[in-house]
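Open the model in your viewer and keep the selection tool at hand. The tour below goes from one stop to the next.

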Amino acid sequence: MSHWIAACDVDDIEQEDVLRFDHAGRTYAIYRAPDDQFYATAGTCTHEKVHLADGLVMDHIIECPKHNGRFDYRSGKALGAPVCVNLQTYPVKLEGGRVWIALADA
Amino acid sequence: MNHPAPIIIVGAGHAGGRAALALREQGYAGRLLLIGDESHLPYERPALSKQLLLDSQPADACHIGSAEQYQTQAIERLAGVRVAAIQPQARRIRLHDGRELDYHRLLLATGGRARHASLPGADLAGVQLLRTLDDAAALRPRLHTGQRLLVVGGGFIGLEVAASARQLGCAVTVLEAGDRLAARALPPLISEKLLALHRARGVEVRLGCQIAAFRGDGSVSAVALADGELLACDTVLVGIGIQPNTELAAAAGLAVGNGIRVDARLRTSDAHIYAVGDACEFPCPVSGQPQRLETWRNAEEQGRHVARTLLGADDAYAALPWFWSDQFDHSLQLAGQLQAAANCVTRALPDDGVLLFYLDTAERLQGACGWGAGNSIARDIKLAEMLIRSGKALSAAALADPACSLKSLLKGVTSV
């Protein structure tokens with residue numbers, strides 16, 4: 001089972017950008033794609049524990065602020081060395097002007 | 001590409017390990033040997049001066065690939081093995097134990113070794129270097145509350161260790177011979193920011209400081225300065241750069257300058273031998289001048305590039321230089337070239353951060369350097385890299401304006 005958590009307001013993120021969201025001791029990255037779709041992934045790079053929200057979003061790619069790790073944030077897919085472990089992704093919905101992400105129940 | 005003789009990689013550090021894995025990724029199915037004098041798997045070095053000392057990351061998180069990966073991909077690792085000689089005519093190497101191995105192609109990824117201070121007392125216990133995982137493991141237990149650490153050298157290794165040691169409760173003094181910190185790599189403004197941060201966090205930094213000797217009875221207890229002053233300490237970290245491991249190449253008659261000389265394809269003066277990483281001196285893609293880089297990206301990218309070259313690709317190595325350094329809760333990043341620029345534009349950022357842009361006479365970006373809290377400047381430096389590669393003429397006023405997004409400059413939305 002999972003539950004929905006409000007991560008931020010829709011207007012908190014610009015198009016083609018990313019925002020860090022911390023909740024219950026974990027960190028997540030919320031993305032607003034150029035086509036205005038929203039996505040959510042785990043908040044740190046799978047290579048080293050660096051916050052992805054400090055990285056650069058270009059189209060549907062997030063690039064880690066250190067090294068050259070790149071992921072497709074829609075699927076979480078790692079796009080080649082030095083990252084080879086995919087990012088966890090989370091379902092997203094928009095409701096009441098807010099961005100909600102579905103987290104697994106503890 | 002299935003030849004009876006293997007590709008042999010000498011040096012199992014970052015560049016060597018990456019090259020081995022990349023060769024398999026790119027489909028090389030022949031024999032592949034990876035020879036290194038350390039017992040460890042290939043590993044990345046940035047964490048040695050930070051996460052490993054601060055216990056925020058285990059040593060095996062630095063590894064490039066796993067033991068299983070090397071095994072399943074039939075990469076034959078000879079660990080703890082030194083190469084004694086190369087015989088280019090016979091395409092053969094000799095190991096220290098006398099074994100001889102033929103190669104089809106040889107890749108030298110021999111890296112460098114930490115330079116030791118050639119001063120009296122340098123062999124005292126407690127005078128430490130930091131280059132390897134074993135060095136980090138030996139340094140770590142010496143850094144705790146109440147311990148006095150003297151750092152010789154105000155470059156990146158020295159400063160990063162100083163920051164880590166300070167966070168671990170040590171009393172830390174940095175002794176730098178020059179008149180500013182990290183002067184070889186950084187613009188003066190960033191050196192000033194580094195100095196201010198270290199001093200604000202309680203690191204004593206002495207510039208223009210000449211050391212005469214290390215003193216102690218068996219283990220180091222003080223550093224004597226040239227003016228006679230004695231500074232008491234429990235541990236000394238010598239961070240005065242590395243010496244590239246070029247001896248093997250030189251003895252084999254390969255061209256060697258300030259590193260093993262290679263062409264833009266990373267090939268040495270022998271057509272069957274290539275070199276990558278900290279040990280190699282390659283032509284700068286911009287100026288053509290020989291350069292040697294000691295950075296994570298250089299090891300990573302040259303390792304990957306040479307794998308393609310060994311399998312028949314013919315493109316020149318043209319990656320942009322890039323590095324970072326983390327100190328306390330701040331970081332700096334530098335991309336491209338700063339030396340040849342005609343004009344420097346400064347963009348002030350919140351919380352004492354700054355971006356410096358280096359333009360040529362046609363107002364094209366050549367290099368950029370950023371400093372700020374956390375990883376706050378990372379995305380702007382990434383965008384600066386893209387702007388450098390774009391070759392676009394840029395407006396100095398736009399670059400200086402914190403309200404002007406670099407992404408808009410890249411996409412041409414903002415008129416110049």
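At what angle do helix α1 and helix α7 of chain B pack, and how far apart are their axes? To find out, select residues 14-25 and residues 296-310 of chain B; this is a predicted model. The two helices pack at an angle of about 40 degrees, and their axes are 8 Å apart. Angles under 35 degrees count as roughly parallel and those from 65 to 115 as roughly perpendicular, so α1(B) is oblique to α7(B). The crossing of α1(B) and α7(B) is right-handed.

Now show the side chains where the helices meet. On the α1(B) side, pick out His14(B), Ala15(B), Arg18(B), Ala19(B), Ala22(B) and Leu23(B). Facing them in α7(B) are residues including Ala299(B), Glu300(B), Arg304(B), Val306(B) and Leu310(B). By class, this contact has eight nonpolar, three polar and three charged residues.

Next, go to the sheet in chain B. Which order do its strands have? The order is β22-β23-β26-β25-β24, in an open sheet of five strands with antiparallel pairing. Select 322-327 and 343-348 of chain B to see the edge strands, β22 and β24, each of which pairs on one side only. From one strand to the next, the twist averages 10 degrees.

Stay with β22(B) and add residues 330-336 of chain B, which form strand β23. These two strands pair in the antiparallel sense over six bridges. Trp324(B) stands opposite Gln333(B) in β23(B).

Last, show both chains. Nine residues of chain A are in contact with nine residues of chain B. The side of chain A that touches chain B has four nonpolar, two polar and three charged residues.

Terms used. Residues are numbered from 1 along each chain as its sequence is written. Chains are lettered from A and ligands numbered from 1 in the order in which they are written. This is a predicted model: local features need pLDDT of at least 70, side-chain atom pairs count only at pLDDT 80 or more; totals for chains, interfaces and linings use all residues. Two residues are in contact if their C-beta atoms, placed from the backbone, lie within 7 Å. Ala, Val, Leu, Ile, Met, Phe, Trp, Tyr, Cys and Pro count as nonpolar, Asp, Glu, Lys and Arg as charged, and the others, Gly among them, as polar. Two strands pair if DSSP finds at least two bridges between them. Helices (H or I, at least four residues) and strands (E, at least two) are DSSP runs, numbered from the N terminus. Axes are lines fitted to C-alpha atoms, for helices over the stretch in contact, and angles run from 0 to 180 degrees between N-to-C directions. Angles under 35 degrees count as roughly parallel, over 145 as roughly antiparallel, 65 to 115 as roughly perpendicular and the rest as oblique. A crossing is left-handed if the near helix is turned anticlockwise from the far one by less than a right angle, and right-handed if clockwise.
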